[in-house]
Amino acid sequence: MAINVETIDNLDQEQTARLVMDIMHRTIIHYALWFTEIRHQMGMEKALEALSAASEKSLGIQFKRLSKILGFDMKNGIPEPLLNMEKKDLLALLDGVAINWLANDGVWFQAVEFTNGMNDAKRCNDSCWAHFSPFEAWSIKRFLNLGEQPGLEGLKKALSFRVYARINVQSFEDDGPDAFIFRMNECRVQVARKKKSLPDYPCKSAGLVEYAYFARAVDSRIETECIGCPPDAHPDDWYCAWRFSMKD
């Protein structure tokens with residue numbers, strides 16, 4: 001429905017609230033476009049350098065302004081209401097944010113699938129993982145202060161701090177002194193499909209990008225091998241499995 005007003009001041013309460021949400025969304029997209037354009041013109045390393053400088057300053061400015069308007073205090077750069085929440089409630093919020101990330105991924109996939117078909121959706125999905133996996137690895141290394149080459153133990157820790165770690169059930173098994181096997185025992189997407197009596201989603205093409213790029217971004221010496229991933233056959237106790245090892 002068209003909004004028949006000439007200025008923002010003429011919007012009613014609901015329309016103004018919707019505009020607030022819309023401008024927040026524009027800010028997110030503009031933020032992402034800055035990063036992708038720097039990456040396109042100057043490369044990933046320069047883009048991450050710029051992101052490191054811009055993100056901390058940007059979040060500080062935005063939360064400080066919102067805290068004054070919405071009436072909450074900031075402490076050490078964190079909204080105080082978050083710090084005052086009970087741990088179980090804060091973890092519930094963390095899980096909700098993680099599940100929203102997965103839902104957002106699915107919405108984008110379907111937006112392409114329903115208009116251009118599965119092949120284009122999978123192609124875009126795989127390319128997206130080629131960018132998101134190294135970014136997530138960089139973000140986790142920065143959050144945990146893992147250092148430049150944290151080795152296999154650093155990779156184990158990084159895998160435990162992915163968004164997926166709050167959504168799915170995963171496990172680790174050492175495979176000699178210089179390797180370990182990572183298994184996705186329960187995958188939220190695949191479990192949902194199973195409940196609907198649907199076959200596994202064939203995610204191997206994305207997984208080959210996702211895990212190899214993530215491991216290499218954590219430590220460039222780490223090699224990735226796919227043990228199995230749909231459409232590959234797999235046992236009931238895992239959906240995909242990957243072996244990570246150090247280069248000789």
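Into which domains is the chain divided? Select residues 10–84 and colour them as domain 1, then give 87–247 a second colour for domain 2. Keep in mind as you click around that this is a predicted model.

**Stop 1: where the domains meet**

The centres of the two domains, taken over C-alpha atoms, are 26 Å apart. Eight residues of domain 1 and seven residues of domain 2 make the contact. About 650 Å² is buried between domain 1 and domain 2, and carbon and sulfur atoms give 68% of that. Now show side chains for Arg 39, Leu 48 and Leu 82: these domain 1 residues lose the most area to domain 2, together 52% of what their side buries. Next, pick helix H2 (residues 44–70), which brings six residues, the largest share of the domain 1 side that touches domain 2. Hunting for salt bridges across this interface? The count is zero. For polar contacts between domain 1 and domain 2, the count is two residue pairs.

**Stop 2: the cores**

Select Leu 155, Leu 159, Phe 182, Tyr 211, Phe 214 and Phe 244. Within the largest nonpolar core, which has 23 residues, these have the most contacts. Helix H5 (118–144), helix H6 (151–159), strand E4 (179–186), helix H8 (204–218) and strand E6 (240–246) each supply at least two residues of this core. Apart from it lies another core, of nine residues, including Ala 98, Trp 129, Tyr 164 and Ile 167. As a rule, nonpolar side chains in soluble globular proteins tend to be buried together.

Zoom in on Phe 244 and show what surrounds it. Leaving out residues up to four places away in sequence, Phe 244 touches, among others, Leu 152, Leu 155, Leu 159, Phe 180, Phe 182, Tyr 211, Ala 215 and Ile 222. Asp 178, Glu 223 and Thr 224 are also among the residues that Phe 244 touches.

**Stop 3: backbone oddities**

Head to the loop between strand E5 (222–228) and E6, where you'll find Pro 231. The peptide bond from Pro 230 to Pro 231 is cis, with omega near 20 degrees.

Now jump to the loop between H5 and H6 for Asn 145. Asn 145 isn't a glycine, yet its phi is positive, about 55 degrees. Is Asn 145 buried or exposed? Asn 145 counts as exposed because its relative accessibility is 67%.

Ser 197, in the loop between H7 and H8, also has a positive phi without being glycine, here near 60 degrees. Ser 197 is exposed, with a relative accessible area of 68%.

**Last stop: Ala 192**

Select Ala 192 in helix H7 (residues 188–195). Ala 192 counts as partly exposed, at 35% relative accessibility. Finally, draw a distance from its C-alpha to that of Gly 106: the two residues are 86 apart along the chain, and their C-alpha atoms are separated by 13 Å.

Definitions and conventions. Residues are numbered from 1 along each chain as its sequence is written. This is a predicted model: local features need pLDDT of at least 70, side-chain atom pairs count only at pLDDT 80 or more; totals for chains, interfaces and linings use all residues. Side-chain values use heavy atoms; hydrogens and water are left out. A nonpolar core is a set of buried Ala, Val, Leu, Ile, Met, Phe, Trp, Tyr and Cys residues joined through side-chain atoms within 4.5 Å. Buried means under 20% relative accessible area, exposed over 50%, partly exposed in between (1.4 Å probe, protein chains only). Helices (H or I, at least four residues) and strands (E, at least two) are DSSP runs, numbered from the N terminus. Contact means heavy atoms within 4.5 Å. Domain bounds come from an automatic or database domain assignment. Buried area is the accessible area (1.4 Å probe) that two parts lose on being put together, summed over both. A salt bridge is a side-chain nitrogen of Lys or Arg within 4 Å of a carboxyl oxygen of Asp or Glu. A polar contact is a pair of N or O atoms within 3.5 Å; within protein, one must be able to donate a hydrogen and the other to accept it, and residues adjacent in sequence count only if both atoms are side-chain atoms.
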